Amino acid sequence: ESLLSEPAEQAPAADFEAPDVDTVEQVAAEVSKLFNDGSAATALLRETAIQESNMGQTPGTYKMVDDKKFGRGSFGVGQVDERNFEDTMSRLRGDKGQPKNLVKYVQRFKDAIGIDLTEVEYEDLADPRLGLIFTRLHYLKNPDPVPPTVQGRSKYWKKNYNTRAGAG
């Protein structure tokens, strides 16, 4: 919670039990495969899940918090905030004025797993697969290649996923 924001209003915890680490590991590998990721992007997705939620094990990972300034945020394995989610949805739909680079994933995911990404609700990110799909989509907003080293990916994560104010 930021010192500059109003105290967060606690919403009821999502009705979702944390998956075990092995499940999250498996889901991260499956999601990366759906995106045709190379080894660096696969590692980045896994490392993000570790950093953001300890592979879904950190208390509060599945608790929806509503902050007056920032909205609902930091939810699911990838700790995706609602503003980021809404921006990703706008890009998936190809809304006017938005970059079109994510639109191609809508049909790919319909064909591969039968999910229309444009119909996903923020609360659905409690599912580790959807949470990690939206984590990966966030990274795909940036055209820079994923670095091959852990140190490089750490800097990439901080620059492109975490905020300047965030811990990390």
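**Charged pairs and a charged patch**

In this predicted model, a salt bridge ties the side chain of D87 to that of R91, with 3.1 Å from N to O. Both residues belong to helix 3, and because they sit four residues apart there, about one helical turn separates D87 from R91. The two partners don't share a level of exposure: D87 is partly exposed, with a relative accessible area of 24%, while R91 is buried, at 14%. As background, side chains that carry opposite charges can pair up when their charged atoms come close.

That bridge isn't alone, as the structure holds eight salt bridges. Take D116, which pairs with K110; here the closest N and O atoms are 3.6 Å apart. D116 is buried, with a relative accessible area of 18%, which falls under the 20% cut-off for that label. K110, at 35% relative accessibility, counts as partly exposed.

Another of these pairs brings together K159 and D144, whose closest N and O atoms lie 3.9 Å apart. This pair links distant parts of the chain: K159 is in helix 6 (residues 150–160), whereas D144 is in the loop between helix 5 (128–139) and helix 6, with the two positions 15 residues apart in the numbering. K159 is exposed, and its relative accessible area comes to 63%. D144 counts as partly exposed, at 36% relative accessibility. Elsewhere, salt bridges with shared partners join D87, R91 and K141 into one network.

K141 also turns up among the neighbors of N84. Leaving aside residues up to four places away in sequence, N84 touches H138 and K141. N84 lies in helix 3, and at 12% relative accessibility it counts as buried. There's a link to T135 to look at too: N84 and T135 are 51 residues apart along the chain, yet their C-alpha atoms are separated by 9.5 Å.

Helix 3, which covers residues 82–93, is also the place of E86. Unlike N84, which is buried at 12%, E86 is partly exposed, with a relative accessible area of 39%. On the surface, E86 gathers with E121, D124 and D127 in a patch of negative charge. E86 can be part of such a patch because its 39% is over the 30% relative accessible area that a patch residue needs.

Stepping back to the whole chain, there are six helices and three strands. Read from the N terminus on, the elements run β-α-α-β-β-α-α-α-α. Of the 168 residues, 44% count as buried, N84, R91 and D116 among them. The chain exposes about 9,300 Å², and carbon and sulfur atoms supply 50% of that area.

Contacts across the sequence tell a similar kind of story to the one told by N84. Among contacts between residues at least 6 apart in sequence, 62% join residues at least 24 apart. For a closing look at helix 3, then, the model places several of the residues discussed here on one element: N84, E86, and the bridged pair D87 and R91.

Terms used
Residues are numbered from 1 along each chain as its sequence is written. This is a predicted model: local features need pLDDT of at least 70, side-chain atom pairs count only at pLDDT 80 or more; totals for chains, interfaces and linings use all residues. Side-chain values use heavy atoms; hydrogens and water are left out. Patches are made of residues with over 30% relative accessible area and no salt bridge: like charges are joined within 9 Å, nonpolar side chains (Val, Leu, Ile, Met, Phe, Trp, Tyr) within 5 Å. Accessible areas come from the Shrake-Rupley method with a 1.4 Å probe; for residues, only the protein chains shown count as cover. A salt bridge is a side-chain nitrogen of Lys or Arg within 4 Å of a carboxyl oxygen of Asp or Glu. Lys and Arg count as positive and Asp and Glu as negative; His and the chain ends are not counted. The place of a charge is taken as NZ of Lys, CZ of Arg, CG of Asp or CD of Glu. Buried means under 20% relative accessible area, exposed over 50%, partly exposed in between (1.4 Å probe, protein chains only). Contact means heavy atoms within 4.5 Å.
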